[in-house]
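Student: I have a new structure open and do not know how to read it. Can we go through it feature by feature?

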Amino acid sequence: MKENLSRLIQQALDSLVEQGQLPADIQPRVQIDRTRDKSHGDLASNIALTLAKAAGVPPRELAQSICDALPGSELVSRTEIAGPGFINFFLSEDSNQAIIKRILAQGEAFGRSNDGQGRKVQVEFVSANPTGPLHVGHGRGAAVGDSLYRLLEATGWSVSSEFYYNDAGAQIHNLALSVQARCKGLTPDDAGWPADGYRGEYIVDLARAYQRGDKVDAEDQHVIAAGDAGDLEAIRKFAVAYLRREQDLDLKAFAVHFDVYFLESSLYQSGEVEATVRRLVENGHTYEKDGAIWLRTTSFGDDKDRVMRKSDGGYTYFLPDVAYHLNKWQRGFERVINEQGADHHSTVTRVRAGLQALEQDIPDGWPDYVLHQMVTVMRDGEEVKLSKRAGSYVTLRDLIDEVGCDATRYFLVARAPSSQLTFDIDLALSQSNDNPVYYIQYAHARVCSVMRKLAEQGWNWDSSAALEHLGLLGEEHERSLLRRLDHYPELVANAAANCEPHSVATYLRELAGEFHTWYNAHKMLVEEQPLRDARLALSEAVRQVIANGLQLLGVSAPESM
RNA sequence: GGGGGUAUAGCUCAGCUGGAUAGAGCACCGGCCUUCUAAGCCGACGGUCGCAGGUUCGAAUCCUGCUACUCCCGCCA
């Protein structure tokens with residue numbers, strides 16, 4: 001709808017230029033906004049305000065000229081000049097009702113677009129090391145990242161999701177030592193328990209499985225336990241696979257899928273880490289100090305230089321990070337979005353600096369990052385900090401088991417990633433309108449229920465016949481719903497472009513609210529068939545948009561509750 | 001000390017890339033509810049958009065400087 005109006009305005013401007021009322025060299029950016037206040041019409045443009053100065057004409061006067069030059073259209077019933085020089089558009093009944101036709105015709109495709117034009121984008125998220133069950137923070141990353149994946153897919157991008165993990169570093173070594181200690185019957189407070197060992201109960205299960213000689217099938221690896229408590233390398237391999245599988249199960253329960261699992265160790269095996277070092281040294285961006293090799297990241301905006309090869313010959317984590325991102329670039333992702341916890345924000349500058357230092361014509365500012373803030377979990381008004389299994393943190397699994405996948409996903413994705421998030425377990429569990437997930441799903445189920453009721457009464461609903469009677473939708477609530485439905489495709493496009501899945505959650509909440517209000521105010525299954533058909537058409541359109549929106553969030557759309 | 005993030009109604013949060021009188025849900029208050037799905041519906045109250053400047057026709061939104069809270073600042077990942 002905005003595009004249509006935008007074209008009309010552009011035509012008006014062109015003709016004003018021809019008539020010499022506007023200078024030919026203006027570069028108007030036609031902006032159309034949704035009005036907040038209904039008395040301002042349905043859509044408004046500030047075009048006269050922005051062009052007034054260049055045209056040397058007072059804004060309201062210019063607005064009048066533009067209106068006069070506007071070609072006639074069936075979409076617009078009238079225009080009005082208001083305030084300092086806004087042009088308000090009142091849409092015709094026809095154009096309002098057209099949205100229902102579009103939604104019913106397009107079904108699941110409504111709101112999808114081809115903005116991405118099949119270009120390759122990668123979303124990396126979660127990327128937890130296999131040292132324990134996923135925690136709530138990973139859950140937030142999973143909910144946001146997977147939603148981004150769905151949004152990009154829906155807007156025409158060729159998307160790949162990726163999970164990167166370190167399977168060989170110091171933390172994994174600690175993990176292996178912890179399992180070994182458990183195999184030997186030690187507990188965390190015994191003498192001889194490894195420093196920085198993992199203390200959670202899950203290590204006990206892991207040790208038992210190892211000693212039993214269990215077989216583990218994870219998404220990307222398969223291992224049979226050697227059972228020998230003295231073989232630290234065998235323990236390491238088994239522990240990594242075991243916890244990898246455990247995380248797989250958490251993610252599966254969370255309805256999250258990854259296209260690629262990428263192992264940090266593969267970058268060493270392939271020689272990419274070495275090659276990256278060589279390249280950085282050759283490009284003259286490094287120097288030696290205190291027996292270590294430093295990368296001069298300050299040349300690329302960092303506040304201090306960083307060690308890339310330690311004095312003991314090992315690499316710091318950031319070097320494989322750079323090699324990894326070069327690998328992504330070489331795989332042809334013109335756009336990469338890394339979803340991470342905000343506690344990792346310091347890597348952003350470092351990785352970008354490292355990539356620039358490679359001098360491979362990687363665009364400055366590549367890749368993109370979406371950083372999410374901390375999550376705190378509340379129950380009975382108090383913060384929950386521990387889980388039995390993991391010991392020191394609340395696991396994603398705890399939440400899914402307690403409140404379900406749908407509620408967990410919704411709550412974790414519903415806030416702007418940049419905001420700290422409080423997860424209220426009591427609210428997520430409540431079956432009332434206070435609970436937004438329930439409220440939205442209920443709106444969907446309600447439409448399905450009405451359709452069932454219709455059949456019980458021996459009536460049927462002919463969607464094509466119904467479209468003839470959309471003119472009967474004249475109630476204020478109905479117009480308001482139509483406006484909101486019309487907004488959906490643009491909302492999806494913006495959410496994808498700006499990496500803001502939470503705006504879909506907000507939208508659905510508002511749409512559901514408006515639907516419930518309408519439903520409570522007017523009867524759907526009235527005796528007069530034309531009106532009944534028209535209302536059912538609107539209901540069905542709302543149901544479709546809710547279903548489409550929930551899909552983007554990875555939340556189910558139940559037909560009954 | 002340096003950097004990231006946040007600051008909007010009593011609480012939890014939106015705010016469409018700078019638009020018109022800043023919105024929603026809870027909570028509180030006042031009414032209505034015997035219904036196509038039932039766990040309710042309608043309305044009222046509630047704001048110096050952290051503070052101070054700046055940019056312009058116009059600022060919660062952009063710039064600068066403060067303040068508070070939070071995360072990070074390792075030859076850990």
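Tutor: Start with one residue. This model is predicted. A239 sits in helix α8, which covers residues 232-253.

Student: Is A239 buried or exposed?

Tutor: Look at the relative accessibility. For A239 the value is 0%, so A239 counts as buried.

Student: Which residues does A239 touch, leaving aside neighbours within four places in sequence?

Tutor: A239 is in contact with L175, V179 and L206. Compare sequence and space as well. V216 is 23 residues from A239 in sequence, and their C-alpha atoms are 9.6 Å apart.

Student: Helix α8 also holds F238 and Y242. How are their rings arranged?

Tutor: Let me begin with the ring pairs as a set. The whole structure has 20 aromatic pairs. Take F163 and F258 as one example. Their ring centres are 5.3 Å apart and their planes meet at 85°; over 60 degrees counts as edge-to-face, so this pair is edge-to-face.

Student: Where in the chain do F163 and F258 lie?

Tutor: F163 is in strand β6, residues 158-165. F258 is in the loop between α8 and β9. They are 95 residues apart, so the pair links distant parts of the chain. Both F163 and F258 are buried.

Now your pair. F238 and Y242 are tilted, with 5.9 Å from centre to centre and 40° between the planes. Both belong to helix α8, 4 residues apart, or about one turn of the helix.

Student: Why do F238 and Y242 count as buried?

Tutor: Buried means under 20% relative accessible area. F238 has 1%, so F238 counts as buried. Y242 has 9%, so Y242 is buried too.

Student: Which residues do ring pairs link into a cluster?

Tutor: The cluster holds F125, F163, Y165, F258 and Y261.

Student: Next, pockets. How does one find empty space?

Tutor: Rolling a probe the size of a water molecule over the atoms shows where empty space is left. Here, the second largest pocket holds about 460 Å³. It is lined by 23 residues, and the closest to its centre are R34, T35, R483, R484 and H487.

Student: Which helix gives the most to that lining?

Tutor: Helix α18 does, with 7 residues. Helices α4 (93-106), α18 (476-497) and α19 (502-521) each supply at least two lining residues. By type, the lining has 7 nonpolar, 7 polar and 9 charged residues.

Student: Why is the second largest pocket said to lie between two domains?

Tutor: Domain 1 (2-91) and domain 3 (432-553) both give residues to its lining, so the pocket lies between them. The assignment for chain A also gives domain 2, residues 387-429. The centres of domain 1 and domain 2, taken over C-alpha atoms, are 48 Å apart.

Student: How do I judge whether a helix is enclosed?

Tutor: Count its buried residues. In helix α14 (residues 405-413), 8 of the 9 residues are buried, so it is largely enclosed by the rest of the structure. Among the buried ones are R409, Y410 and F411.

Student: How many helices and strands does chain A have?

Tutor: There are 20 helices and 17 strands. Chain A has 561 residues, and 53% of them are buried. Its C-alpha atoms fill a box of roughly 85 × 65 × 40 Å along the principal axes.

Student: What share of contacts joins residues at least 24 apart?

Tutor: Among contacts between residues at least 6 apart in sequence, the share is 71%.

Methods. Residues are numbered from 1 along each chain as its sequence is written. Chains are lettered from A and ligands numbered from 1 in the order in which they are written. This is a predicted model: local features need pLDDT of at least 70, side-chain atom pairs count only at pLDDT 80 or more; totals for chains, interfaces and linings use all residues. Side-chain values use heavy atoms; hydrogens and water are left out. Buried means under 20% relative accessible area, exposed over 50%, partly exposed in between (1.4 Å probe, protein chains only). Contact means heavy atoms within 4.5 Å. On a 1 Å grid over the protein atoms alone, a cavity is a set of points where a 1.4 Å probe fits but cannot get out, and a pocket is an open set with protein on both sides within 12 Å along at least five of seven lines; lining residues have an atom within 4 Å of a point. Grid points are joined across faces, edges and corners, and a volume is the space filled by probe spheres set on the points. Ala, Val, Leu, Ile, Met, Phe, Trp, Tyr, Cys and Pro count as nonpolar, Asp, Glu, Lys and Arg as charged, and the others, Gly among them, as polar. Domain bounds come from an automatic or database domain assignment. Rings of Phe, Tyr and Trp (its six-membered ring) pair if their centres lie within 6.5 Å; planes under 30 degrees apart count as stacked, over 60 as edge-to-face and the rest as tilted.
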